[in-house]
Each structure stands twice: as structure tokens, then as C-alpha cells.
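Work through the exercises below with the sequence and the coordinates open. Each task is followed by a solution in steps.

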Amino acid sequence: MKLNYKRTILVGLAFLSICAFWQMYDGVIPLILKETFGMNEAIAGVIMAADNVLALFLLPFFGSLSDKSSAKMGKRMPFVLFGTGLAVILMNLLPVFDNAYAASAAPWKLISFVVVLGLLLVAMGIYRSPAVALMPDVTPKPLRSRANAVINLMGAVGGIIYLGLAAVLYPASKTENVPHVDYQPLFIIVAALMFVSVGVLLLTVKERKLTEENQALEKEHPEWNLADDDGSGNERLPAPVVKSLIFLLASICLWYMGYNGVTTWFTTYVDEVMGQGLGGSSTCLLVATAGAIVSYIPIGLLAAKIGRRRTIMIGAAALAVCFGACYFLTTAFHSINAIMFVVFVLIGFAWAAINVNSLPMVVEMCRGSDIGKFTGYYYTASMAGQVLTPILSGALLKYVSYRTLFPYAALFVALSFVTMLFVRHGDAAPAQKKDLLEHFDFED
């Protein structure tokens, strides 16, 4: 039995479109809120946190709703198509209101922008969980690790495509000292990418047929299904394991607060502190993303040798140091330079070391039947960090100084290193991978 890589890549097109959108959202929306509508950082931070707040409710709701769907084209595809179509329409209204407000300010234009932005976040929430669930629907259980690696690589490709577009379309030479930047071309291109990606998915992946074939195959292999040791479903974790889990979840929340604080505000920070435009900040983030991608195989090999916990702690220490270095580099120089690119490559490596190993540590502490519940713990911790950090870091930018961004990020990542010192479980050495691609396996 072999993984159908071609089909998995096609399934991953939906995740590619999702990641391209969110990369643009994090990069452009803060600039629009600040520069066009004149919002202070605290208010903009609340708006930027809204997507994570909505995700806490929308992702499990629509994922569960799609489980119960019985449409002719499949359970997931109707949600993917409807959510994408609605998002493509709504996202292209945002630069319309942005440009209109810049030309002639009026309260109704601001209100319209915020309302459309809220509806857009709901549209994206409609299809994210169903899109991610499509892969296990059509992939046999023994092959899902490699398939998940392909899906996440497709997501990375989506982010890189956006960052490349932003760097080419909006270099500092085109945005510096410009009263208003028109982002409509960028929104149109990303919308087209989403439309084409999902269109190809619809035409090439017959979800219902493939799902039925996979279900039939799994019925032939009951040994693939894990069961509780005693079947009671009431197993309790020993107290030391509970302690480790609590500290691990705290670490997850803390390093997301540090890392997402930077990704949320970096474009605005670079504009304010260094006078650089979207192109310069996008290039730095592109370099970090590339650094993470090339690090996945070495990180997987490193974790197999020294353990997940040590690998995470190396990543946390390196990330805190890199954020500290970014403070000095961005305040000492007035343009993006080669040293910053090197630091952002290291940031990509450090984040890969953390992100690749954190979810496996969480689910290592549970029994097979509880993996879904413990995965929920992981996402609750990560989303909590992503909800809090735009608000807290935005308030610091507004009421203290923009220069607090990197010390803020370094502090929270350093705190996650401290809490990881108390994690004593979940560090079972992973089995040697037969396929190097399996080392790419990680969660978004």
C-alpha cells in the first residue's frame, strides 16, 4: 500500500488557498486599520484577534456539521466550495472600502469595512475544518502521517506564493512616502489563487467515491483501529503526567504569544520603526518561512536522537535570542539588510523545532481513543495565545513604544522555555522514519 502523492497534493490545494489568505490577512489588514482608518494599536489588536476568537467556535462547529453532511459530491466539498466562493467575493470588497475611505472619509465606509471583515472571517471558518478533514477521509490510516506532511507543505507553498507576490508588488520604493497604498491588485491575485486552487480540487478529487473506497479498505483492516486498554473510557492520567501536560500547554500558549505577536505586528512595526514598506517585511517573513521548510527534515532527525523536549527547548532558546537580536537590528538600522535575513532564517529553524514536536508531545500523554480530545487541548492553548497577544502587544505598541515588540516576544518565548523545564512526560523517542517526507509531519 502506497500513498497516492498526486491525489494528496490535489487535496492540499484547499489548504494552500487557506494559508495564502491568512498570510495576506496578517500582513495587510493591520496596515489598513492603522494607515487608512487611523485606528490605534489597541483597537486594531482587538480586531486582529477576532479571527482567533471566532475560530474557537467556528472550526469545531463546521467540522462537526460537515461530519453529518450527506451531499452528493461528498461531506466536505460543499463547505469548501461555499466558504471559498463567499470569501473570494467578500475579500475583494475590503480594498474597495479602504480606497473609498482614503479618498473621502465617512463613518459608513469604516462600518462597512468592519462588517465585511467579520463576514469574511466567518466565510473562512466555514471551510477550514472540512478542508483539513478531507485528507483523512480519503487516506488510509497508516498513510496519514505522510499525507499530512504533503498537506502542510502545500500550506507552506501558499504562504510563500503570497509573500513573493507582496515583495514584488509592494517594494519600499513603491510605498515610501505614498499617501495611500492601493492593495486591490494583491487581493485580486490571492482571490484568483484561491478560486483556481479549489476549482482544480473539485474537478480532480471525487470525494464521495474516494471516501467510500477508503471506508471499505479500513473495514478490511480492523487492526488499524486503536482501542482503550480496558474499554472503559474512564482512564485517568497520573498526577505527574497531569502536571507535565499543564506545563506543556502553558508553554504552547506562551510561545504562541511571543511568535504571533511578531507575525501580527511586524509589517506595521517595520513601517513605523524602520520606514520600510510591505515588501521589506514580506521578504523577511518569506526568508523565515523558507528557513522553517528546509529545517523540517533536520529537526525530525534531531528529535529522534535527543528527544522532543530537548529539541523544543533548543528552539525556544534560539527563538528568544533571535527576537532579542531583531530588537537591536531594527533599531540600529533603517533598512532591511543581510544580517536580518540570517536572523530570520534562524527564526524559521527555531519555530520549526518548536512547532514540529509540540503536538506529538501532547498526544503522547494520552491513550489512542483520546487523541482528538488532547488535540483539542493543544488548539485551545495555541488559540488562547493567539487571541491574547494581538491585544496585549497592540496596547504596548500604542501606550509604551513600538520598540517593545521584540522584547515582548523574547520575554514570552523565554517564559515558555522556563515552563518546559517542568515537563517530564510526552518525550517518547519517535520511531525511525522510513520515508524522509514523514519528518515534515506537523500541524498548522
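## Exercise 1: helix 11

Helix 11 has a kink of about 60°, centred on Trp265. The model is a predicted one.

Task: compare the span of helix 11 with the value expected from its number of residues, then describe its surroundings and its end.

Solution.
1. Helix 11 covers residues 239-274.
2. At 1.5 Å a residue, its 36 residues should span 52 Å.
3. The C-alpha atoms at the two ends are 50 Å apart, which agrees with that value.
4. For the surroundings, take buried to mean under 20% relative accessible area. In helix 11, 27 of the 36 residues are buried, so the helix is largely enclosed by the rest of the structure.
5. After helix 11 comes Gly275, with a positive phi near 70°.

## Exercise 2: salt bridges

Task: find the salt bridges in the structure and state what parts each pair joins.

Solution.
1. The cut-off is a side-chain nitrogen of Lys or Arg within 4 Å of a carboxyl oxygen of Asp or Glu. The structure holds two such salt bridges.
2. One of them pairs Glu272 with Lys34, with 3.2 Å between the closest N and O atoms.
3. Glu272 belongs to helix 11 and Lys34 to helix 2 (residues 13-36), so this pair ties together parts 238 residues apart in sequence.
4. Glu272 is partly exposed at 42% relative accessibility. Lys34 is also partly exposed, with a relative accessible area of 22%.
5. Arg208 and Glu212 form a salt bridge at an N to O distance of 3.7 Å.
6. Arg208 and Glu212 are four residues apart in helix 10 (residues 207-219), which puts about one helical turn between them.
7. Arg208 counts as partly exposed at 38% relative accessibility, and Glu212 counts as partly exposed at 46%.

## Exercise 3: Pro136

Task: locate Pro136, classify its exposure and give its C-alpha distance to Asn214.

Solution.
1. Pro136 is part of helix 6, which runs over residues 107-138.
2. Its relative accessible area is 25%, and Pro136 is therefore partly exposed.
3. In sequence, Pro136 and Asn214 are 78 residues apart; in space, their C-alpha atoms are 9.2 Å apart.

## Exercise 4: the whole chain

Task: summarise the secondary structure, burial, contacts and surface of the protein chain.

Solution.
1. The protein chain has 16 helices and zero strands.
2. Of its 444 residues, 54% are buried.
3. Consider the contacts with a separation of 6 or more: 85% of them join residues 24 or more positions apart.
4. The exposed area of the protein chain is about 19,000 Å², of which carbon and sulfur atoms supply 66%.

## Exercise 5: confidence

Task: which elements have the lowest and the highest mean pLDDT, and where does pLDDT stay under 50?

Solution.
1. Start with the average: pLDDT is 82 over the protein chain, and 86% of the residues score at least 70.
2. Among the elements, the lowest mean pLDDT, 77, belongs to helix 3 (residues 41-67), and the highest, 96, to helix 16 (residues 405-420).
3. Over residues 368-372 pLDDT stays under 50, and the model has four contacts beyond four places in sequence for this stretch.
4. Residues 439-444 also stay under 50; for them the model has 28 contacts beyond four places in sequence.

Key:
Residues numbered from 1 in each chain as written. Predicted model: local features only at pLDDT ≥ 70, side-chain atom pairs only at ≥ 80, totals over all residues. Heavy atoms only, no water. Buried < 20%, exposed > 50% of the residue type's maximum accessible area, 1.4 Å probe, protein only. Contact = heavy atoms within 4.5 Å. Areas by Shrake-Rupley, 256 points an atom, 1.4 Å probe, with all protein chains shown as cover. Expected span 1.5 Å × (residues − 1). Bend = angle between axes of the 7 residues up to and from the residue. pLDDT = per-residue confidence, 0-100.
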